[in-house]
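Colleague: Please give me a close look at one part of this structure, from its strands outwards to its helices. I am new to this, so please explain each term when it first comes up.

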Amino acid sequence: SASASAEDAENSLRELAALAETAGSTVLDGVLQRRDTPDPGTWLGSGKAKELKDVVSASGADTVIADGELSPSQRRALEDIVKVKVIDRTALILDIFAQHAKSKEGKAQVELAQLEYLLPRLRGWGESMSRQAGGRVAGGEGIGSRGPGETKIELDRRRIRTRMAKLRREIKEMRPARETRRQSRRRGAVPSVVIAGYTNAGKSSLLNRLTGAGVLVEDALFATLDPTVRRSEVPDGRTMTLSDTVGFVRSLPTQLVEAFRSTLEEVGEADVLLHVVDASHPDPEGQISAVRDVLAEVGTHGGDGPVEVVVLNKCDQADPEVVSRLLRRERGSVVVSARTGEGLDALRERIGEVLPHPEVLVDVVVP
Ligand code: GDP
């Protein structure tokens with residue numbers, strides 16, 4: 001990113017590499033360019049772009065992933081220089097979401113986000129793909145080509161808009177079902193706890209620890225729009241529902257914020273928000289604010305939203321000084337390790353303290 005500090009840019013690139021690996025790529029090399037503003041022509045600037053071309057040839061890479069958002073013409077100009085496919089951060093993130101969406105609603109939302117991203121890029125994309133046929137790009141299986149396939153990409157804008165309208169309608173129709181599920185949980189008067197946090201912070205591991213459920217834990221950046229809901233208990237025996245939510249990433253594409261909305265609305269309606277932080281990460285504060293930014297965007301942070309409990313995870317490998325710095329900054333946070341189990345009893349106690357006591361609902365039967 002242009003104006004960010006060097007350290008920030010490196011963190012961002014490291015995350016981009018992890019994202020690419022999550023999408024199934026092997027990352028070969030990185031090139032860092034510091035500019036105040038992206039070059040309007042080639043995004044990187046022509047000197048740096050030529051350097052990138054050498055890195056590409058030397059490593060045998062078949063794709064370049066840019067850590068930012070490129071205009072169609074910048075992407076084409078860069079492809080002309082490096083001679084391999086160029087995609088940007090947004091396309092990569094959308095691709096990962098496409099891979100991970102499981103529910104019908106999740107799939108529809110990701111497709112909608114992908115089409116929204118694609119629409120203004122339609123001409124640029126089609127042109128460069130056909131120009132590259134027979135070039136070094138391997139098939140249509142790579143990053144950025146999942147989801148709406150190549151045939152769809154060639155549809156004209158009007159047909160894409162029609163498709164988008166249909167998806168929006170479908171999503172709207174699916175909403176009542178989600179609403180009913182939510183309400184029946186409410187009616188059961190079971191307080192709800194949601195787990196949110198940066199991707200890879202340890203949300204699934206913590207959910208497993210707290211519920212004994214076998215949720216898949218991956219050492220990869222995992223992104224999902226489909227929350228898992230489990231039941232668990234606090235020390236005094238009260239029941240709560242616990243659900244895992246989306247994994248957050250740096251500069252979440254705006255197209256996805258909309259897709260996240262309904263999932264995030266559930267966060268807003270929960271009683272307690274466990275905000276899981278990887279205390280061993282080089283920039284935990286940056287992750288905390290990235291998560292809060294997204295939550296604020298959908299209006300779930302502050303106000304009468306859930307009580308937030310910050311969970312400083314991975315204390316087994318975190319620097320104790322960083323942990324105490326975070327403890328001072330985030331009052332009332334709990335230090336845990338989902339790996340060793342350290343601090344989990346204290347976390348359960350803490351949840352018990354902030355969890356509301358369920359109201360007793362009485363059905364009045366009129367004879
Ligand atoms: P999520 O993306 O937030 O759901 O994160 P996961 O639960 O999938 O965990 C991401 C990675 O961090 C996995 O490799 C976990 O084994 C690891 N991890 C999770 N919690 C801890 C912890 O307390 N300590 C250590 N050392 N690793 C952890």
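**A buried strand and its surroundings**

Modeller: Of the 367 residues of the protein chain, 36% count as buried, where buried means that 20 or more other C-beta atoms lie within 10 Å of a residue's own, exposed means 12 or fewer, and partly exposed lies in between, with the C-beta atoms placed from the backbone. This is a predicted model, in which local features need pLDDT of at least 70 and side-chain atom pairs count only at pLDDT 80 or more, while totals for chains, interfaces and linings use all residues. Residues are numbered from 1 along each chain as its sequence is written.

The protein chain has 13 helices and 8 strands; these are DSSP runs, numbered from the N terminus, with helices (H or I) of at least four residues and strands (E) of at least two. Among the contacts in the protein chain with a separation of 6 or more, 70% are between residues 24 or more positions apart, and two residues are in contact if their C-beta atoms, placed from the backbone, lie within 7 Å.

The part to look at closely is strand E6, residues 272–278, in which 7 of the 7 residues are buried, so the strand is largely enclosed by the rest of the structure. If you look at its two faces in turn, you find Val272, Leu274, Val276 and Asp278 on one side and Leu273, His275 and Val277 on the other, and all of these are buried, which leaves both faces of E6 covered.

Strand E6 also has partners, and two strands pair if DSSP finds at least two bridges between them. Strand E3, residues 192–198, runs parallel to E6 and is joined to it by 5 bridges; in this pairing, Val194 has Leu273 of E6 as its bridge partner. E6 pairs in the parallel sense with strand E7, residues 307–313, as well, here over 7 bridges, and Val276 finds its bridge partner in Val311 of E7.

From the strand we can move to Pro284, which lies in helix H11, residues 284–297. Pro284 has 24 C-beta neighbours inside 10 Å and therefore counts as buried. When residues up to four places away in sequence are not counted, Pro284 touches Val277, Asp278, Ala279, Val322 and Leu326; of these contacts, Val277 and Asp278 bring us back to E6. Pro284 and Val322 are 38 residues apart in sequence, and from C-alpha to C-alpha they are 8.9 Å apart in space.

For a view of how helices meet, turn to helix H4, residues 89–100, whose axis comes within 9 Å of the axis of helix H1, residues 6–22, and crosses it at roughly 40°. Axes are lines fitted to C-alpha atoms, for helices over the stretch in contact, and the angles run from 0 to 180 degrees between N-to-C directions. H1 and H4 are therefore oblique to each other, given that angles under 35 degrees count as roughly parallel, over 145 as roughly antiparallel, 65 to 115 as roughly perpendicular and the rest as oblique. The crossing of H1 and H4 is left-handed, a term used if the near helix is turned anticlockwise from the far one by less than a right angle, whereas clockwise makes a crossing right-handed. Leu16, Leu19, Ala20 and Thr22 of H1 meet Arg89, Leu92, Ile93 and Ile96 of H4. By class, this contact of H1 with H4 has 6 nonpolar, 1 polar and 1 charged residues, where Ala, Val, Leu, Ile, Met, Phe, Trp, Tyr, Cys and Pro count as nonpolar, Asp, Glu, Lys and Arg as charged, and the others, Gly among them, as polar.

H4 also meets helix H5, residues 104–118, their axes coming within 9 Å and crossing at roughly 160°, which makes H4 roughly antiparallel to H5. The crossing of H4 and H5 is left-handed. Thr90, Ala91, Leu94, Phe97 and Ala98 of H4 make this contact with Val110, Ala113, Gln114 and Tyr117 of H5, and the residues of the contact of H4 with H5 comprise 7 nonpolar, 2 polar and no charged ones.
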